[in-house]
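Here are my notes on the model, set out as numbered points. Please read them with the structure open.

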Number of protein chains: 2
Amino acid sequence: MIPKSHPRYESLMKREKIIEGFKKGIVAYAGLIAHGRGETFDYLIGERSEDFALEAEEAAVAKMLLAKNAVISVNGNVTALAAKEVIELADSVGAKIEVNLFYRSEDRIRKIVEEFKTLGKDILGANPDAIIPNLEHSRALCTKEGIYSADVVLVPLEDGDRTKALRDMGKFVITIDLNPLSRTAQTAHITIVDELTRAVKNMIKMAQNMNIDEARNILKWYDNHAILAKSLEHINRRLENLSRQLQSSSGLKT
Amino acid sequence: MIPKSHPRYESLMKREKIIEGFKKGIVAYAGLIAHGRGETFDYLIGERSEDFALEAEEAAVAKMLLAKNAVISVNGNVTALAAKEVIELADSVGAKIEVNLFYRSEDRIRKIVEEFKTLGKDILGANPDAIIPNLEHSRALCTKEGIYSADVVLVPLEDGDRTKALRDMGKFVITIDLNPLSRTAQTAHITIVDELTRAVKNMIKMAQNMNIDEARNILKWYDNHAILAKSLEHINRRLENLSRQLQSSSGLKT
């Protein structure tokens, strides 16, 4: 049992959730490793939602509120880390949820659908009836009712290829990605550089307090290029500060 | 099968090795996640051995060649990634190998010892008869013949606590850690900021071409503080360059 007072409590709890999800058959091997990659970026960011994240989250909520058919795409890691929060967000902005896996396995699909079912939510994706063009077959599978006909898709923790394929279909793509340098981050229309659970929790609150006029206004001024630049500047500054601190505090020599 | 021409071939092969090690019961859950954290740092470094790495590797080889009783401490990830190379390095510098796990389990210890045995090498650690002071019991276990009596210990992919405990025992500690900001990196006498397999392969070559006089001379000039500073400057510069490239090449706006 990790005490709540532990300085890395949040991060360690998320690690536990991912391992738990792996044991349940929801998270793939590659998902465990990907979680570690994310941990490093969150560590570099400082493990909090910075302004560039909050701004993008606000724009994402605005876009989803104004969408005709918004869909949140979920994979194993998203399910293990934040299924409950994703349901709450979907309900707040009127979005559907659809499962899509990088390494598709019918067993994992079924387990993820069941996980959401247990939490009281029916999600799409178990019975795909459409194809995203220009994507390797198993990853291209989607549903007409969901991602195929969506105008806005939120793809958290996504791979670059699919983000591009969705964009090429004319969809508005929002991503949550701790690495502002990734292809996904660079390809999406709105890039939320934040940890998944923090981001979704912020977005739930924002959705509850935003009306249509505000949503339109927010999108008028949103500039994803500037957001990406700010997030990179932040990481650079953090690294410089951390280096300076270490260099002045330690005097270790061989 | 990943083709050798794939731009991320090396990185993907290492991922496969870690997953293989996990399936064999050699790598822990936490080891899979830790591998992901390392991937991010290696990506930030540029996935090659920079000068600050080569310099530290040379000093590490020198120190091990001059040691009375050098020991290489191995865990699950080190075994999965580079057991063969570690044996070759141990033989080149006249070091012993001892297994030590952060999450000790007799089953994993046994499997790691067997893995080395299959490769023709008997390693220490299965029957501990000594204790590293000031460390939680199961992690403190070691052997008199190996780590306990060693003057120089190479602890690749190590946790900060144990590095400090070994240093407090008066030992000379060398680490291989992709994160120059980690406590391990900051606590060791020689910090090799490089990917494990690349580092060990470099060190094997260096050991084969170094005599005692050269070794003494190398250590005279080695400054770990400067090495850490250089590695951080390198990562900072890489991030700045990557940011600049992205900002000039992409024109994506919502």
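1. Position of A:N179. This is a predicted model, and I start with one residue of chain A. A:N179 lies in a loop of chain A, with β6 (172-176) before the loop and α8 (183-187) after it.

2. Surroundings of A:N179. Is A:N179 buried or exposed? Its relative accessibility is 12%, and the limit for buried is under 20%, so A:N179 counts as buried. Leaving aside residues up to four places away in sequence, A:N179 touches A:F41 and A:A185 in chain A, and B:Y43 in chain B. The side chain of A:N179 also reaches the backbone nitrogen of A:L181, at 2.7 Å.

3. A:T184. This residue sits in helix α8 of chain A. A:T184 is buried as well, with a relative accessible area of 2%. Again without residues up to four places away in sequence, its contacts are A:E158, A:D159, A:G160, A:T163, A:T175 and A:D177.

4. The annotation. Which residues does the UniProt annotation "binding site" cover? According to the record, an unreviewed entry, they are A:R15, A:R37, A:D177, A:L178, A:N179, A:R183 and A:T184. These residues span 170 residues in sequence, and the farthest two C-alpha atoms are 24.5 Å apart, so they do not all gather at one spot. Within the annotated set, A:T184 touches A:D177.

5. The sheet. Chain A has an open sheet of five strands in the order β2-β1-β5-β6-β7, with parallel pairing. The edges are formed by β2 (96-99) and β7 (190-192) of chain A, each of which pairs on one side only. From one strand to the next, the twist averages 20 degrees.

6. One strand pair. Strand β5 (residues 152-156) of chain A pairs with β6(A) in the parallel sense, over five bridges. A:V155 stands opposite A:T175 of β6(A). A:T175 is also one of the residues that A:T184 touches, which links this strand to the annotated set.

7. The two chains. How many degrees of rotation superpose chain B on chain A? The rotation is 180 degrees, with 0.0 Å of shift along its axis and an RMSD of 0.0 Å. The two copies are thus related as by a two-fold rotation axis. Of the interface residues of chain B, 98% are also interface residues in chain A, so the copies meet through the same surface. For a contact between the chains, look at A:N179, which touches B:Y43.

Note on methods:
Residues are numbered from 1 along each chain as its sequence is written. Chains are lettered from A and ligands numbered from 1 in the order in which they are written. This is a predicted model: local features need pLDDT of at least 70, side-chain atom pairs count only at pLDDT 80 or more; totals for chains, interfaces and linings use all residues. Side-chain values use heavy atoms; hydrogens and water are left out. UniProt positions are given in the numbering used here, feature names are shortened, and annotations may be inferred rather than shown by experiment. Helices (H or I, at least four residues) and strands (E, at least two) are DSSP runs, numbered from the N terminus. Buried means under 20% relative accessible area, exposed over 50%, partly exposed in between (1.4 Å probe, protein chains only). Contact means heavy atoms within 4.5 Å. A polar contact is a pair of N or O atoms within 3.5 Å; within protein, one must be able to donate a hydrogen and the other to accept it, and residues adjacent in sequence count only if both atoms are side-chain atoms. Copies are superposed by least squares on the C-alpha atoms of residues with pLDDT of at least 70 in both. Two strands pair if DSSP finds at least two bridges between them. Axes are lines fitted to C-alpha atoms, for helices over the stretch in contact, and angles run from 0 to 180 degrees between N-to-C directions.
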